[in-house]
Amino acid sequence: MPPAGAELAAQIDAELRRPVPPPVTALARQLAGRAGAGTAAVLFYGSALRDDALDGVLDFYVLIDRCRDWPGPRWVAFANWLLPPNVGYVEADAILPGLRAKYAVMTLAQFRRGVSMRSVDTTLWARFSQPCACVHVRSETDWLAVRDAVAEAASTAARWAALLGPSEGEPAAYWRGLYKRTYAAELRVERSSRGADLLTGVAARYERLLSAAWCAAGLAFAVRADGSLAPLLDPGERARGERRWRLRQRLGQPLNLLRLLKAALTFDNAIDYVAWKVERHSGYRIEPSPFQRRHPLLAAPLLYWQLRRRGVLR
């Protein structure tokens, strides 16, 4: 990380070292163990991290060396190489009863590409400009690589916030505007105000992050007497930024739809995840059969009919 990015690196480093409950660390280690020595790091992020809650589904990213390091058929590894990440669901064993997690798997190299300014996909850098913790790492070299990649995600997000945001305003205005744009560009089920909700209670964090990320990106800005910021961009830069964003907006939902279609074939333990979601939201408990676990796509129509017949789905 160059000297201009030292402040950003320090902030991200501290966030990645954020303490998490021991069960989170234990589950991350279980996930890391699936790829053995091929696992570089495991990141913990999302609402469970923000809310310090373990009663929902935890969110992890597992970063590996090669797609084929993750156990499974070769065609599933190829699908991950072609359109990362692959996703799955796990319910912890008897040592960690009641703990559930969704996880995404991709290589560290894919992660680095996905958080760069060149990426046409907005999902990765938008997600990791938000707080996350590194709960498992293989080595100090991997730690530095992950820290720099997460810092790059913040830098990419901040640059887009400047290009797409107001000519001047309070730091929160840039982040709210950015997340509103990224949510609109993705295939999301959350309400439209979700991007603004991300700043609730942590506005100071995003204020520090914005100025540090702009400095790291070499983007000059003025600080007004009232604390508002004004990135020093000429109209041509903003116009080029808008054109580049339109490409990302056009590709965002199709990319997410392709990932959903891929997940229908590659989602690990999909039927167990569906069963948990149904029970959590309706109280109706599904006991998946071995056939349903082996063939979730073939089992889906019958399961849907059963849930409709019992009034769980309307």
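**Note on salt bridges and helix H11**

1. Glu168 and Arg224 form a salt bridge in which the closest N and O atoms are 3.3 Å apart. The model is a predicted one. Glu168 sits in the loop between helix H7 (140-164) and helix H8 (171-185), and Arg224 in the loop between strand S6 (221-223) and strand S7 (229-231), so the pair ties together parts that are 56 residues apart in sequence.

2. How accessible are the two partners? Glu168 has a relative accessibility of 40% and counts as partly exposed. Arg224, at 36% relative accessibility, is likewise partly exposed.

3. Salt bridges that share partners also create one network, made up of Asp65, Arg138 and Asp142. In total, the structure contains 14 salt bridges. As general background, side chains of opposite charge can pair when their charged atoms come close.

4. A further salt bridge joins Arg205 to Glu15, with 2.7 Å between the closest N and O atoms. This pair links distant parts of the chain: Arg205 belongs to helix H10 (residues 203-216) and Glu15 to helix H1 (residues 6-16), 190 residues apart.

5. Are Arg205 and Glu15 buried or exposed? Arg205 counts as buried because its relative accessibility is 7%, a value under the 20% limit for that class. Glu15 also counts as buried, with a relative accessibility of 16%.

6. Asp13 takes part in a salt bridge with Arg17, and the closest N and O atoms of this pair are 2.6 Å apart. Asp13 is buried, its relative accessible area being 15%.

7. Attention now turns to helix H11. This helix covers residues 235-266 and includes Leu261. Leu261 is exposed because its relative accessible area is 53%, and the exposed class begins over 50%. Together with Leu257, Leu258 and Leu260, Leu261 makes a nonpolar surface patch of about 390 Å².

8. Arg246 is another residue of helix H11. With 40% relative accessibility, Arg246 counts as partly exposed. Which separation is found between the C-alpha atoms of Arg246 and Ala185? These C-alpha atoms are separated by 9.2 Å, although the two residues are 61 residues apart along the chain.

9. To summarise, the salt bridges described here include the partly exposed residues Glu168 and Arg224, as well as the buried residues Arg205, Glu15 and Asp13. On helix H11, the points to inspect are the leucine patch and the position of Arg246.

Conventions:
Residues are numbered from 1 along each chain as its sequence is written. This is a predicted model: local features need pLDDT of at least 70, side-chain atom pairs count only at pLDDT 80 or more; totals for chains, interfaces and linings use all residues. Side-chain values use heavy atoms; hydrogens and water are left out. Patches are made of residues with over 30% relative accessible area and no salt bridge: like charges are joined within 9 Å, nonpolar side chains (Val, Leu, Ile, Met, Phe, Trp, Tyr) within 5 Å. Accessible areas come from the Shrake-Rupley method with a 1.4 Å probe; for residues, only the protein chains shown count as cover. A salt bridge is a side-chain nitrogen of Lys or Arg within 4 Å of a carboxyl oxygen of Asp or Glu. Helices (H or I, at least four residues) and strands (E, at least two) are DSSP runs, numbered from the N terminus. Buried means under 20% relative accessible area, exposed over 50%, partly exposed in between (1.4 Å probe, protein chains only).
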